[in-house]
Amino acid sequence: MSLELINPKDLPVPEMYTQVVVATGSRMVFVSGQQPEDLDGKLVGHGDFAAQARLAFGNLGRALSAAGARPEQVCKITIYIVDYKRDDHLPILEEAQISLFGDHKPANVIVGVATMSPGYLIEVDAMAVI
């Protein structure tokens with residue numbers, strides 16, 4: 001598996017992601033949206049975006065591992081956030097993302113949504129090539 005990370009010179013260099021990721025490999029892994037739920041499917045961190053972000057990214061890591069994928073093989077993530085406020089949410093997202101990916105910066109999209117299930121504030125899905 002190989003990921004080529006490209007930040008074109010005529011686009012800004014983002015802090016948390018890469019503008020373009022070219023993936024080559026023999027197996028693709030698609031991970032469903034991971035929510036801040038415990039093993040019983042119960043919400044953890046009601047009203048606490050940081051706690052929910054940490055758990056959602058932790059659950060993403062566990063899902064990747066179950067498929068035999070490593071975080072550095074992720075080429076794209078999508079992050080859904082209720083009532084997204086860039087200045088409030090980005091520092092928390094960065095910490096949660098670094099806890100899973102370290103220095104690896106997959107392409108990503110942050111989508112602000114009006115609502116999810118009651119109390120849920122974040123969901124994260126991923127695509128990996130291994």
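## The largest pocket

What is the volume of the largest pocket? The largest pocket has a volume of about 310 Å³. This is a predicted model, in which local features need pLDDT of at least 70 and side-chain atom pairs count only at pLDDT 80 or more, while totals for chains, interfaces and linings use all residues. Residues are numbered from 1 along each chain as its sequence is written, and side-chain values use heavy atoms, with hydrogens and water left out. Rolling a probe the size of a water molecule over the atoms shows where empty space is left. On a 1 Å grid over the protein atoms alone, a pocket is an open set of points where a 1.4 Å probe fits, with protein on both sides within 12 Å along at least five of seven lines; lining residues have an atom within 4 Å of a point. Grid points are joined across faces, edges and corners, and a volume is the space filled by probe spheres set on the points.

The lining of the largest pocket consists of P14, E15, M16, Y17, Y84, R86, L90, P91, E94, N108, V109 and I110. Helix α2 (86–101) and strand β5 (107–113) each supply at least two of these residues, and α2 gives the largest share, four residues. Helices (H or I, at least four residues) and strands (E, at least two) are DSSP runs, numbered from the N terminus. By class, the lining has eight nonpolar, one polar and three charged residues. In this scheme, Ala, Val, Leu, Ile, Met, Phe, Trp, Tyr, Cys and Pro count as nonpolar, Asp, Glu, Lys and Arg as charged, and the others, Gly among them, as polar.

## The second largest pocket

The second largest pocket holds about 170 Å³ of space. Its lining residues are G33, Q34, Q35, E37, D38, L39, N59 and R62. Strand β3 (28–34) and helix α1 each contribute at least two of them. The lining has one nonpolar, four polar and three charged residues.

## An aromatic pair between two helices

Rings of Phe, Tyr and Trp (its six-membered ring) pair if their centres lie within 6.5 Å; planes under 30 degrees apart count as stacked, over 60 as edge-to-face and the rest as tilted. By this rule there is one aromatic pair. The ring centres of F57 and F101 are 6.5 Å apart and their planes stand at 85°, so the pair is edge-to-face. The pair links distant parts of the chain, with F57 in helix α1 and F101 in helix α2, 44 residues apart.

Are the two partners buried or exposed? A residue is buried under 20% relative accessible area, exposed over 50%, and partly exposed in between (1.4 Å probe, protein chains only). F57 is buried because its relative accessible area is 1%, and F101 counts as buried because its value is 6%.

## Buried residues in loops

P36 lies in the loop between β3 and α1. With a relative accessibility of 0%, P36 counts as buried. Contact means heavy atoms within 4.5 Å. Leaving aside neighbours within four places in sequence, P36 is in contact with K42, L43, V44, Q52, L55, A56, N59, Y120 and I122. Its C-alpha atom is separated by 22 Å from that of H104, which is 68 residues apart from P36 along the chain.

Q73 is placed in the loop between α1 (49–66) and β4 (74–82). Q73 is buried, at a relative accessible area of 5%. A polar atom of the Q73 side chain lies 2.7 Å from the backbone nitrogen of R70.

## Strands β4 and β5

T78 belongs to strand β4 and is buried, with a relative accessible area of 10%. A polar contact is a pair of N or O atoms within 3.5 Å; within protein, one must be able to donate a hydrogen and the other to accept it, and residues adjacent in sequence count only if both atoms are side-chain atoms. One such contact, of 3.3 Å, joins the side chains of T78 and K76. Not counting residues up to four places away in sequence, T78 touches V109, V111, E123, V124 and D125.

V113 is in strand β5. With residues up to four places away in sequence not counted, V113 touches Y80, I81, V82 and D83.

## D83 and D87

Most residues other than glycine have a negative phi. D83 has a positive phi of about 50° although it is not a glycine. D83 lies in the loop between β4 and α2 and is partly exposed, with a relative accessible area of 46%.

D87 is found in helix α2. At 68% relative accessibility, D87 counts as exposed. D87 and I110 are 23 residues apart in sequence, and their C-alpha atoms are 13 Å apart in space.
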